[in-house]
Amino acid sequence: MCGRFTLRTPTERWARQFALEELPLFAPRYNMAPTQRLPVVRLSANGTRACDELRWGFIPSWSAGEKHRAPLINARAESIAEKPSFRDAVHFRRCLIPADGFYEWEQDGRQRQPYFVSRRDDRPFAFAGLWESWRPPEGGPAIETFVIVTTEANALLSRFHDGRMPVMLQGDHGERWLFEESRHAEDLIPLLGAYPEEELTCVRVSARVNSVRHDDPSCLEAPLRTQTLFD
DNA sequence: CCAGACGTTGTT
DNA sequence: GTCTGG
DNA sequence: CCAGACGTTGTT
DNA sequence: GTCTGG
């Protein structure tokens, strides 16, 4: 699964990689968390790419309210085309989520030990995402939200509790995820596989990342206790 | 027909 | 234990 | 995802 | 909104 991630790369670098015409300006992020407004790349009305800030935690358009519900931060690639919450979005509201790493946790006694996963070359990449617009019943402006698609974990990630990992779109899959026509959207589901583990690295990091208050380079420091690096 | 769910994950 | 907030 | 609160009353 | 269960 994926419940926290990073986007440390300077904006101009990842904006170029995502072929954005307008240059957004975002501070480097080391601890992006559910409920926060985070940058998402999607198609605008005129068919070009746009980068907008959407809230992480998908609220279906028919939802009675945003409270009293577990946040939908991940969606299983295997079922998004059928699930009532997501299938419209698969056709009409796909998006890319710029990132350059993500965290996984292991229960270590009574501690929650975080690990950081990123590309060996440390370049940014795109998570596959879906977005939705929800209008509060009591009125007020619509809230736009997104969810990150997950898939079965590769060998590197399968050691973590649930055997899932976020979909990192490789090669031209990001372009296809963004631009494929609605009627061919279901052809994209087979592209949502695990990223090759040989291109990734996974290291133990400081438990400072556990708290969303910490959003700085200290999140990636090595933990104080005996450290095992495996990658 | 209406009421109620609609998601992800892991749990002994 | 369960829910909310970030 | 994890951290932190979780209640009422009345009040320093 | 749309599907399932009764």
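This passage describes a predicted model of a protein with DNA, beginning at DNA strand D and moving on to the strands, loops and single residues of the protein.

DNA strand D is surrounded by ten named positions along the protein: Met1, Gly3, Arg4, Pro34, Ile73, Trp105, Arg112, Asn210, Ser211 and Arg213. By class, four of these residues are nonpolar, three are polar and three are charged. The backbone of the DNA dominates on the other side. Sugar or phosphate accounts for 74% of the atoms of DNA strand D within 4 Å of the protein. Bases supply the rest.

Three arginines make polar approaches to the DNA. Arginine 4 reaches a base: a polar atom of its side chain lies 2.7 Å from a base oxygen of DNA strand D. Arginine 112 is placed at a phosphate instead, with a side-chain N or O atom 3.0 Å from a phosphate oxygen. Arginine 213 also meets a phosphate oxygen of DNA strand D, at 2.9 Å from an N or O atom of its side chain.

Part of the protein fold can be followed through strand β4. This strand covers residues 49-56. It pairs with strand β3, residues 37-43, in the antiparallel sense. Seven bridges hold the register of this pair. Leucine 43 of the pairing stands opposite arginine 49 in β4. The hairpin of β3 and β4 has five residues between its strands. Within that hairpin, glycine 47 takes a positive phi near 85°. Strand β4 also has a parallel partner, strand β10, which spans residues 143-152. Two bridges join β4 and β10. Here arginine 55 stands opposite threonine 145 in β10.

Positive phi values also occur at residues that are not glycine. Threonine 35 is one of them, with a phi of about 80°. Its place is the loop between β2 (29-32) and β3. Aspartate 122 is another, with a phi of about 60°. This aspartate lies in the loop between β8 (111-119) and β9 (125-134). Aspartate 122 is partly exposed, because its relative accessible area is 34%.

Valine 209 lies in the loop between β13 (200-204) and β14 (229-230). Its relative accessibility is 0%, so valine 209 counts as buried. Beyond four places in sequence, valine 209 touches Arg4, Tyr30, Asn31, Tyr103, Trp105, Pro114 and Cys219. Two of these contacts, Arg4 and Trp105, also appear among the residues around DNA strand D. Glutamate 221 is twelve residues from valine 209 along the chain. The C-alpha atoms of the two are separated by 9.6 Å.

Phenylalanine 179 offers a second case. This residue belongs to helix α3, residues 173-179. Its relative accessibility is 36%, and phenylalanine 179 therefore counts as partly exposed. Its contacts, leaving out residues up to four places away in sequence, are Leu43, Gly47, Arg49 and Arg94. The hairpin of β3 and β4 thus recurs here. Leu43 and Arg49 are the residues that stand opposite each other, and Gly47 is the glycine with the positive phi. Phenylalanine 179 and arginine 49 are 130 residues apart in sequence. In space, their C-alpha atoms are 9.4 Å apart.

Note on methods. Residues numbered from 1 in each chain as written. Chains lettered and ligands numbered in written order. Predicted model: local features only at pLDDT ≥ 70, side-chain atom pairs only at ≥ 80, totals over all residues. Heavy atoms only, no water. Near = heavy atom within 4 Å. Polar contact = N/O pair within 3.5 Å; in protein donor to acceptor, adjacent residues only side chain to side chain. Nonpolar A, V, L, I, M, F, W, Y, C, P; charged D, E, K, R; others polar. Pairing = 2+ DSSP bridges. Helix = DSSP H or I, 4+ residues; strand = E, 2+ residues; numbered from the N terminus. Buried < 20%, exposed > 50% of the residue type's maximum accessible area, 1.4 Å probe, protein only. Contact = heavy atoms within 4.5 Å.
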